[in-house]
Amino acid sequence: MNLDLILPTYNRAHIITDCLDSVFRANRPKGLNIRVVVVDNNSRDSTKDVVQEFIDKNDLSIRYIFVGRAGKSAALNEAIAQTDAELIGLIDDDEQLDPAWFEVAYREFLTSPELGYIGGPYFPNWEQAQPHWFPSVTKQGVAAIFKTLGNPDCHV
């Protein structure tokens, strides 16, 4: 089973390292081929250099895509159009994966063939103070994985 983990980013070289570290620390089950797709949405900082460092020093497959058209949707749609994996995972550059994230995703899609989408916890990397209205819990938000179902017109 193949999973492309799409990670859109824009001028976040200063925090993308934490996100990528969490991806590489996550347990990777045998039978799940993972490729990280970093989609640089026209960054003007050193994002490309930071990603290149990870490509050079890690054993996980990483693909860097530069998208000049502004907007997260443009970045995601371009990355999705370039994937051929059965599963597509989505995570933002200010999030960190739970160490069991890939294991749970693999288990659930393997044991439930009818499953089309799952979400799970991530750990935000706040650049500013956490908003007062945001719930105070250890694991916040949802990072998602969905099955492509062979649909070439799949868009975000």
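Which residues are buried in helix 2 (residues 47-57)? I opened this notebook with that point, working from a predicted model.

**Entry 1. Helix 2**

I looked up the burial of each side of this helix. T47, V50, V51 and F54 are the buried residues of helix 2. I then viewed the helix down its axis: the buried residues fall within an arc of 95 degrees, so they line one face of helix 2. I noted K48, D49, E53, D56 and K57 as exposed on the other side of the helix. I next asked what covers the buried residues of helix 2. The cover includes strand 1 (2-9) and helix 1 (13-25), and also strand 2 (33-40) and strand 3 (61-66).

**Entry 2. Aromatic pairs**

How many aromatic pairs are there? I recorded two. In one of them, the ring centres of F24 and F54 lie 5.4 Å apart with the planes at 15 degrees; the planes are under 30 degrees apart, so I entered the pair as stacked. F24 belongs to helix 1 and F54 to helix 2, so this pair ties together parts that are 30 residues apart in sequence. I checked the burial of both partners: F24 is buried at a relative accessible area of 10%, and F54 is buried at 3%.

W101 and F102 form a pair with ring centres 5.6 Å apart and planes at 75 degrees, so I entered it as edge-to-face. W101 is buried, with 6% relative accessibility. F102 is buried as well, its relative accessible area being 0%.

I returned to F54 for one further detail. The charged end of K57 sits over the ring of F54, at 4.9 Å from the ring centre. K57 is one of the exposed residues of helix 2, whereas F54 is one of the buried ones.

**Entry 3. D40**

I looked for the partner of a buried charge. D40 lies in strand 2. Which side chain of opposite charge is nearest to D40? I found K48, at 7.8 Å; D40 is buried yet has no salt bridge. A salt bridge requires a distance within 4 Å, so K48 does not qualify as a partner of D40. I then listed the contacts of D40, leaving aside residues up to four places away in sequence: D40 touches T9, T47, K48, Y64, I65, F66 and V67. Of these, T47 is among the buried residues of helix 2, and K48 is among the exposed residues of the helix.

**Entry 4. Backbone at two asparagines**

I checked the sign of phi in two loops. Most residues other than glycine have a negative phi. N11 has a positive phi of about 50 degrees, although it is not a glycine. I placed N11 in the loop between strand 1 and helix 1. N11 is partly exposed, with a relative accessible area of 24%.

N42, also not a glycine, has a positive phi of about 70 degrees. I placed N42 in the loop between strand 2 and helix 2. Is N42 buried or exposed? At 18% relative accessibility, I recorded N42 as buried.

**Entry 5. Whole chain**

I closed with the overall layout. The protein has four helices and seven strands. Along the sequence I read the pattern β-α-β-α-β-α-β-β-α-β-β. Of its 156 residues, 46% count as buried. Among the contacts with a separation of 6 or more, I noted that 78% are between residues 24 or more positions apart.

Terms used
Residues are numbered from 1 along each chain as its sequence is written. This is a predicted model: local features need pLDDT of at least 70, side-chain atom pairs count only at pLDDT 80 or more; totals for chains, interfaces and linings use all residues. Side-chain values use heavy atoms; hydrogens and water are left out. Buried means under 20% relative accessible area, exposed over 50%, partly exposed in between (1.4 Å probe, protein chains only). The arc is that of the directions from the helix axis to the C-beta atoms. Contact means heavy atoms within 4.5 Å. Rings of Phe, Tyr and Trp (its six-membered ring) pair if their centres lie within 6.5 Å; planes under 30 degrees apart count as stacked, over 60 as edge-to-face and the rest as tilted. A charge sits over a ring if NZ of Lys or CZ of Arg is within 6 Å of the ring centre and within 35 degrees of the ring normal. Lys and Arg count as positive and Asp and Glu as negative; His and the chain ends are not counted.
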